[in-house]
Amino acid sequence: MAFKALNLSANVLRGVQAAGYTDPTPIQLRAIPVVLGGGDLIASAQTGTGKTAAFALPVLTRLGQHGRARVLVLEPTRELAAQVETAFRDFARFTDIRTVAVFGGVGYGAQRSDLKRGVDIIVATPGRLVDYLKTGEISLRDITILILDEVDRMLDMGFLPQIEDVLKKLPRDRQTMLFSATMPSSIVKIAQN
Ligand code: AMP
């Protein structure tokens with residue numbers, strides 16, 4: 001089955017074609033219809049399976065066009081946050097949807113000016129996100145889609161308190177996706193939450 005048969009928006013489909021993808025990977029085939037339909041998702045998926053596009057393509061289709069900050073993606077490291085934000089930006093190149101990567105170890109200046117301009121999708125590491133929540137530069141009140149990526153690595157890195165903090169600030173009425181390479185009982189518990 002080709003990407004064309006998956007009901008992605010025309011602009012997102014153009015983005016996929018420009019990225020050079022022809023056929024969806026197995027996780028993309030299974031996840032895209034669920035996410036497009038607004039369903040929650042728990043996926044056991046390693047890096048390299050195409051999981052980024054599995055969530056990015058249907059999420060971009062659901063957003064449609066630029067508006068409020070509606071999507072939050074949490075990543076364990078700044079490298080992953082940068083990589084996933086770049087993927088969103090690439091797939092969104094034929095839309096007016098705006099993205100920002102928020103992570104530590106760099107200055108606040110560029111991230112701040114992106115946030116001021118207004119973004120639809122925030123890809124963040126938990127620590128720096130909490131900084132911006134404290135200053136009020138990021139508000140989570142309009143978030144309708146939450147993606148917890150590489151959850152096992154986030155837990156290994158000790159981010160559980162920050163994740164719980166962020167979950168408390170999110171609207172309850174939302175779509176949630178959880179991706180993890182492994183599914184120990186601690187992660188199943190978070191998923192149930
Ligand atoms: P990920 O698992 O999301 O880190 O993706 C692994 C790699 O596979 C990335 O370099 C993607 O650009 C690439 N990729 C993802 N989906 C596809 C696809 N359907 N066709 C070809 N390459 C893909």
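This report describes the ligand site, the salt bridges, one threonine in a loop and one surface patch of a predicted model.

## Basis of the model

Because the model is predicted, local features need pLDDT of at least 70 and side-chain atom pairs count only at pLDDT 80 or more, while totals for chains, interfaces and linings use all residues. Residues are numbered from 1 along each chain as its sequence is written, and side-chain values use heavy atoms, with hydrogens and water left out.

## Ligand site

The ligand is surrounded by Phe3, Tyr21, Asp23, Pro24, Thr25, Gln28, Thr47, Gly48, Thr49, Gly50, Lys51 and Thr52, a residue being near a molecule if one of its heavy atoms lies within 4 Å of it. This shell divides into three nonpolar, seven polar and two charged residues, where Ala, Val, Leu, Ile, Met, Phe, Trp, Tyr, Cys and Pro count as nonpolar, Asp, Glu, Lys and Arg as charged, and the others, Gly among them, as polar.

Oxygen atoms of the ligand have N or O partners in the protein: a backbone N or O atom of Gly50 lies 2.8 Å from a ligand oxygen, a backbone N or O atom of Lys51 lies 3.3 Å from a ligand oxygen, and a polar side-chain atom of Thr52 lies 2.6 Å from a ligand oxygen. Of the 500 Å² of accessible area that the ligand has on its own, the protein covers 64%; accessible areas come from the Shrake-Rupley method with a 1.4 Å probe, and for residues only the protein chains shown count as cover.

## Salt bridges

Side chains of opposite charge can pair when their charged atoms come close. The structure holds ten salt bridges, each defined as a side-chain nitrogen of Lys or Arg within 4 Å of a carboxyl oxygen of Asp or Glu. One of them joins Lys51 and Asp149 at 2.8 Å, N to O; this pair links distant parts of the chain, 98 residues apart, with Lys51 in helix H3 (residues 51-63) and Asp149 in the loop between strand E5 (145-148) and helix H7 (151-156). Helices (H or I, at least four residues) and strands (E, at least two) are DSSP runs, numbered from the N terminus. Both Lys51 and Asp149 are buried, where buried means under 20% relative accessible area, exposed over 50%, and partly exposed in between (1.4 Å probe, protein chains only).

Glu150 forms a salt bridge with Arg153, their closest N and O atoms being 3.3 Å apart. Glu150 counts as buried because its relative accessible area is 8%, whereas Arg153, at 36%, is partly exposed. Salt bridges that share partners join Lys51, Asp149, Glu150 and Arg153 into one network. In helix H4 (residues 78-91), Arg89 and Glu85 lie four residues apart, about one turn of the helix, and their side chains meet in a salt bridge at 2.9 Å, N to O. Arg89 is partly exposed because its relative accessibility is 43%, while Glu85 is buried at 7%.

## Thr95 in its loop

Thr95 is found in the loop between H4 and strand E3 (99-102) and is buried, with a relative accessible area of 18%. A polar atom of its side chain lies 2.8 Å from the backbone oxygen of Ala92, and a polar atom of the Thr95 side chain lies 3.1 Å from the backbone nitrogen of Ile97.

## Surface patch

Ile42, Met183 and Val188 form a nonpolar patch on the surface, with about 240 Å² of accessible area together. Patches are made of residues with over 30% relative accessible area and no salt bridge, like charges being joined within 9 Å and nonpolar side chains (Val, Leu, Ile, Met, Phe, Trp, Tyr) within 5 Å. Met183 is found in the loop between strand E6 (175-180) and helix H9 (185-192), and counts as partly exposed because its relative accessibility is 31%.

Methods
A polar contact is a pair of N or O atoms within 3.5 Å; within protein, one must be able to donate a hydrogen and the other to accept it, and residues adjacent in sequence count only if both atoms are side-chain atoms.
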